[in-house]
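Colleague: I should like to learn how to read a structural model step by step. May we take one feature at a time?

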Amino acid sequence: MNMSRPRLSKTLVLSAFAAVVALILTGPLSGLVLEGYDFKTRFSAPLQIAAFVLIVRFIAGLLPESWLAPRQKNEAAPRATRFKTWQLVLGGLLVYIALASLVLIASKYWLSVGILALIYILLGLGLNIVVGFAGLLDLGFVGFYAVGAYGYALGHQYLGLGFWAAIPLAAMLAGLFGMILGFPVLRMHGDYLAIVTLGFGEIIRLVLNNWIAFTGGPNGIDAPAPTFFGWEFKANATQGGVPFHEVWGLDYSSGMLDGFIFLVLLTVVALVIYAVTRLRGMPIGRAWEALREDEIACRSLGLNHVFTKLSAFAMGASIGGLAGVFFAASQGFVSPVSFSFFESALVLAIVVLGGLGSVTGVILAALFLTLMPEALREFSDYRILIFGFAMVLIMIWRPRGMIQQRRPFFTRAKG
Amino acid sequence: MDLYVLGQQIVNGLVLGSTYGLIAVGYTMVYGIIGMINFAHGEVYMVSAYLTAIGLAVLAYFGISSPWLLISLTMVFAILFTSLLGITIERLAYRPLRKANRLAPLISAIGVSLILQNYVQLSQGAKNQGVPTLIEGVFRMGSEDHFFQITYMQMLIVVVALIAMGLLNFVVQKTALGRACRATQQDRQMAQILGIDTDKVIALVFGIGAALAAVAGVLITLNYGSFDFFVGFVTGIKAFTAAVLGGIGSLPGAMLGGILLGLAESLFSGFVNSDYKDVFAFALLVGILIFRPSGLLGKPSVEKV
């Protein structure tokens with residue numbers, strides 16, 4: 001590498017400066033740990049952080065500048081390879097069967113991890129419609145997740161609804177909430193919209209937390225285990241049905257319920273992926289993306305922005321509601337703690353990391369964010385820290401996410 | 001209606017409101033100058049709460065026991081530290097995004113907010129922290145069991161908040177620095193052409209906002225005595241509500257909005273329902289943004305092609 005001497009010395013000075021700033025900023029917070037009204041010292045921590053900053057800054061200074069330049073402009077990605085429909089159907093089926101057969105070999109623990117990953121894929125897909133396609137930043141997405149989860153738990157408690165009835169009803173209820181939320185915010189965009197949706201999400205959580213007579217308040221509420229044609233996945237029937245393993249003459253295992261939820265959830269995720277991919281190419285999906293790019297132009301061309309925005313909100317919200325039903329069913333219990341703003345930020349991180357608007361990206365990011373803490377146990381404390389840094393760095397270097405999705409556009413015919 | 005209770009709630013509301021106002025200044029100045037919601041501002045306030053406890057503990061270790069000296073030295077320490085923090089955040093997480101679309105800085109700010117929360121949690125532990133009571137004593141009116149009171153700490157909060165706001169107003173209105181700020185706010189490109197280093201001005205605005213959040217952080221922490229790494233979120237949102245209520249971008253608006261929000265919240269929790277006071281604040285925020293997004297003193301924004 002032919003590096004000029006001035007640049008090297010400049011990098012050294014800047015790295016030293018960054019390290020000093022890091023030392024000052026982390027000194028009191030990492031170096032002096034509060035213990036009651038007293039403190040104990042731990043000066044090694046800020047020194048380590050400063051050394052880390054020094055090294056990272058120095059290495060960043062040595063890299064060619066073009067690597068660090070933000071990639072802002074819309075690089076026309078190479079045309080994706082076109083698969084024939086039957087190839088896509090076959091491939092999809094094979095992946096589905098491969099994943100479904102995991103039920104037979106995976107342990108109860110890994111099944112529950114898989115369920116969690118699928119739930120976050122659903123949440124990511126739902127939020128991706130609102131943020132990625134329609135460009136409406138929604139920071140209260142967790143509210144719809146809560147509506148779905150509580151819709152199932154409360155629906156069972158007060159109306160006697162079962163799992164299968166709850167799936168469509170909770171999705172519709174969450175969609176309705178999405179529309180209600182969407183209506184007043186039609187006029188706003190950008191960051192005001194983000195804050196209003198954040199406010200809505202928090203209001204839903206606080207009401208669930210405080211309305212003790214109806215929701216059980218902070219103590220939460222039990223959600224029933226799902227059944228399949230009245231067959232229960234328990235050692236002994238409790239809801240007046242027959243245990244699944246007795247009908248089929250199998251030995252009872254505690255992982256059956258998780259296996260069942262995993263299969264149903266996998267099917268739902270597959271259907272949602274199909275629906276979302278199709279929606280993108282349909283007029284409504286194109287309208288979402290057009291509205292995101294230029295609202296004034298769209299409205300002057302006669303696009304009904306009310307319907308377009310509301311449909312994005314409702315569609316995203318019902319997918320969030322679906323995820324909520326599965327969350328409640330797999331946990332067997334819901335409480336307001338699960339629906340804090342942090343969940344919204346996490347789902348937003350999934351969408352942002354994956355690439356706004358990219359379905360594949362969202363799936364990969366959701367898998368990464370849910371499986372990474374499992375694989376790297378020792379890093380699980382630092383999980384949120386890593387998410388935070390990832391959100392900042394991706395915004396700076398790859399604002400369109402890790403998977404840069406191809407935008408639908410027309411190219412002039414050659415000739 | 002009981003006048004003593006009403007008076008008590010009004011006093012509590014004014015005290016609460018003046019701290020909201022101080023934090024709201026950070027939101028309103030940043031929004032005014034670069035048009036972004038600095039979502040991480042609430043976390044800067046949270047960091048200053050920890051700095052208060054650390055500062056007091058270190059000063060006590062060196063044997064300083066005069067409350068006035070303790071408070072003023074802690075405040076200076078917190079102000080210097082958080083200003084540097086605010087400027088660093090702006091330099092690393094927001095400046096590279098100056099030309100990106102509007103959502104990018106907001107998402108980056110959410111990232112910063114997660115980083116600060118988790119960093120403080122990892123370095124200081126997840127448990128509640130506290131500070132000793134430094135200023136005791138109260139001014140009381142009425143009989144033994146039926147009274148209305150103002151603690152000296154509450155008086156100190158209002159006085160310090162007023163001084164800080166007065167000082168800020170002086171800096172913005174009367175000094176060359178403030179003139180550069182106002183010029184940058186009106187037209188950044190033109191200010192730059194006329195020789196103002198707008199990057200420096202923007203960094204400075206972040207520093208000032210963080211410093212005022214630190215003032216609020218020290219005062220609130222001394223008043224309530226306990227905090228954890230999560231206090232920044234709700235207080236931050238409420239201060240943002242105050243900024244929007246007063247008209248985002250307007251300095252007097254931030255203080256007015258803060259005091260109105262503090263009064264409304266405290267009257268609501270005193271006379272209606274204290275469990276739902278956060279719901280009330282959020283509903284107020286949503287209501288203002290929907291029906292009067294320009295706030296009380298703000299200028300309505302015009303959408304241009």
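**Reading the model**

Modeller: The C-alpha centres of domain 1 and domain 2 of chain A lie 40 Å apart. Please bear in mind throughout that this is a predicted model.

Colleague: Which residues does the domain assignment give to each domain of chain A?

Modeller: Domain 1 covers residues 5-62, and domain 2 covers residues 85-397.

Colleague: How many helices and strands make up the secondary structure of chain A?

Modeller: Chain A has 18 helices and 7 strands. Of its 415 residues, 42% count as buried. Among the contacts in chain A between residues at least 6 apart in sequence, 75% join residues at least 24 apart.

Colleague: How should I read the side chains of a strand?

Modeller: In a regular strand, side chains alternate between the two faces of the sheet. In chain A, strand E1 (residues 32-35) shows this alternation. A:Leu32 and A:Leu34 point to one face and are buried, whereas A:Val33 and A:Glu35 point to the other and are not.

Colleague: In which sense do E1(A) and E2(A) pair?

Modeller: E1(A) and strand E2 (residues 38-41) pair in the antiparallel sense, over 4 bridges. Within E2(A), A:Thr41 is the bridge partner of A:Leu32. The two strands form a hairpin with 2 residues between them. A:Gly36, in the turn, has a positive phi of about 65°.

Colleague: Let us turn to helix packing. At what angle do H16(A) and H17(A) pack?

Modeller: Helix H16 (residues 341-354) and helix H17 (residues 359-375) of chain A pack at about 125°, with their axes 7 Å apart. An angle over 145 degrees would count as roughly antiparallel, and 65 to 115 as roughly perpendicular. H16(A) and H17(A) are therefore oblique to each other. Their crossing is right-handed.

Colleague: Which residues of H16(A) and H17(A) meet?

Modeller: From H16(A) come A:Ala349, A:Ile350, A:Val351, A:Leu353 and A:Gly354. In H17(A) they meet A:Gly361, A:Val362, A:Leu364, A:Ala365, A:Ala366 and A:Leu369.

Colleague: How should I read the interface between two chains?

Modeller: The size of an interface is often given as the accessible area lost when the parts come together. Here one may instead consider residues: the contact takes 48 from chain A and 50 from chain B. On the side of chain A that touches chain B, the elements giving two or more residues are helix H1 (5-31), E1, E2, helix H9 (190-210), H16 and helix H18 (383-397).

Colleague: Which element gives the largest share of that side of chain A?

Modeller: H9(A) does, with 13 residues.

Notes:
Residues numbered from 1 in each chain as written. Chains lettered and ligands numbered in written order. Predicted model: local features only at pLDDT ≥ 70, side-chain atom pairs only at ≥ 80, totals over all residues. Domains from an automatic or database assignment. Buried ≥ 20, exposed ≤ 12 C-beta atoms within 10 Å, placed from the backbone. Pairing = 2+ DSSP bridges. Contact = placed C-beta atoms within 7 Å. Axes fitted to C-alpha atoms, helices over the stretch in contact; angles between N-to-C directions. Parallel < 35°, antiparallel > 145°, perpendicular 65-115°, else oblique. Left-handed = near helix turned anticlockwise from the far one by under 90°.
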